[in-house]
Amino acid sequence: MASGPAPAPESAPASGPAPDSDPTATPPTPPASPSRPRKRRILRLLAALLALLLLPLLTAETALRINYTGDPAPGTRTRHRDALWLGHAWVDGRKTDRDVKALAGRLRDTGIRDLYVHSGPLEHDGTLPPSAYAKAGWFIGAVHRELPGVRVQAWLGDVLATETPDGLRLERAATRTAVLASTRAVLDAGFQGAHFDLEPLHSGDRNYLALLDDLRDLTHARGAVLSVAAHQIDPLPAFHSFWGTTTGHPKWWSQAFFGQVARRVDQIAVMSYDTMQPLQSLYGGYVAQQTSLALEATPKGTDLLMGLPFYHENRFGHWAHAETVPAAVRGVRLGLSRTAAGRARFGVALYVDFAATEADWRAYRDGWAATPPAAS
């Protein structure tokens, strides 16, 4: 019997159609993975949500750009009711008579009428140590000597315990009483007014309004001025509520609350900077919008001042290349032109002296403080 391996079974040809198959038929498509349709649905949903979020933003930014167009009305320049925020160095002994003379030279022939000199901050319980403004008497006397008619106000403020555990608590009656006592003390020291900057101050804070009522009685009884730094007004209806819910920081005030504050003070200065706008045109349009909103809410008997950014930080919410003095001045003039071009009790407030550049001062002078020559 022959030996050797058993023969291999027959196999199909290596290529070519299988028996009884149609050589023209398309091979069947493998079944789709169950996860692919789900991924496509998720991507479509995300795209739709992104569009819903971006469309209002793009619409709002387009409106701000349009708001920056046009020409300011003639005469929309200084009413000689402007203000300047000054740092603490003016009342703690670091400045000299020479510094006051230089400041006076800077401010002559501008519209500056009020100086808000930092004299705090308040302690969290509302008290204020006299050491915080030890050289106030010297500074006030020097300003009155060099700049007759310019008022010096004590700039007081503190962080509020509205978003963190630490800070000043306006809901405590004892704290509000202490703030009144601190205000009385700075007026005794010779200041002609008190300027309050309390942040973050949420829209609708009834305790703040109650404090302002008491401060107005105190300052007016002393023949002094009561002024406040104010948050920006909702750029969209109820935007502070939306922003507060999504971020925990309701940055803006409602227009109604702004009006409630404005009716209780002699001056209200809008902090119209830190706006998150990336371009000068958008920032200027935003300032024009804020100017109009503030004018609508401020009674005729209250001075309204719009803040100008005399500083150059780059951080979240503030781009120095966008938030410029020329853009702010143009925005202020456009808003004033469209809303109340003839209003007398109106001005700008410059923040802040120690960060200002020559370009900032030149833009303020040329764009706002200078009176253009009469047409021949």
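Are Trp90 and Phe139 buried or exposed? In this predicted model, both Trp90 and Phe139 are buried, and the points below place these two residues among the other aromatic contacts.

1. The structure holds 16 aromatic pairs. One of them joins Trp90 and Phe139, whose ring centres are 5.4 Å apart and whose planes stand at 45° to each other, an arrangement described as tilted. The two partners come from distant parts of the chain, since Trp90 belongs to the loop between β1 (82–86) and α2 (97–107) while Phe139 belongs to helix α3 (residues 136–146), with their positions 49 residues apart.

2. A further pair is formed by Tyr208 and Trp253, and it counts as tilted because the planes meet at 50°, with the ring centres 6.4 Å apart. Tyr208 is found in helix α5 (residues 206–221) and Trp253 in the loop between α6 (239–247) and α7 (255–262), so this pair ties together parts of the chain that are 45 residues apart in sequence.

3. Tyr208 has a relative accessible area of 2% and is therefore buried, the cut-off being under 20%. Trp253 is likewise buried, because its relative accessibility is 0%.

4. Some aromatic residues gather into a group: Trp85, Tyr116, Trp155, Tyr273, Tyr311 and Tyr351 form one aromatic cluster.

5. Charged side chains also meet aromatic rings in this model. Lys251 lies over the face of Trp252, at 6.0 Å from the ring centre, and the charged end of Arg330 sits over the ring of Tyr68, at 4.9 Å from the centre of that ring.

Conventions: Residues numbered from 1 in each chain as written. Predicted model: local features only at pLDDT ≥ 70, side-chain atom pairs only at ≥ 80, totals over all residues. Heavy atoms only, no water. Phe/Tyr/Trp six-rings, centres within 6.5 Å; stacked < 30°, edge-to-face > 60°. Helix = DSSP H or I, 4+ residues; strand = E, 2+ residues; numbered from the N terminus. Buried < 20%, exposed > 50% of the residue type's maximum accessible area, 1.4 Å probe, protein only. Lys NZ or Arg CZ within 6 Å of the ring centre and 35° of its normal.
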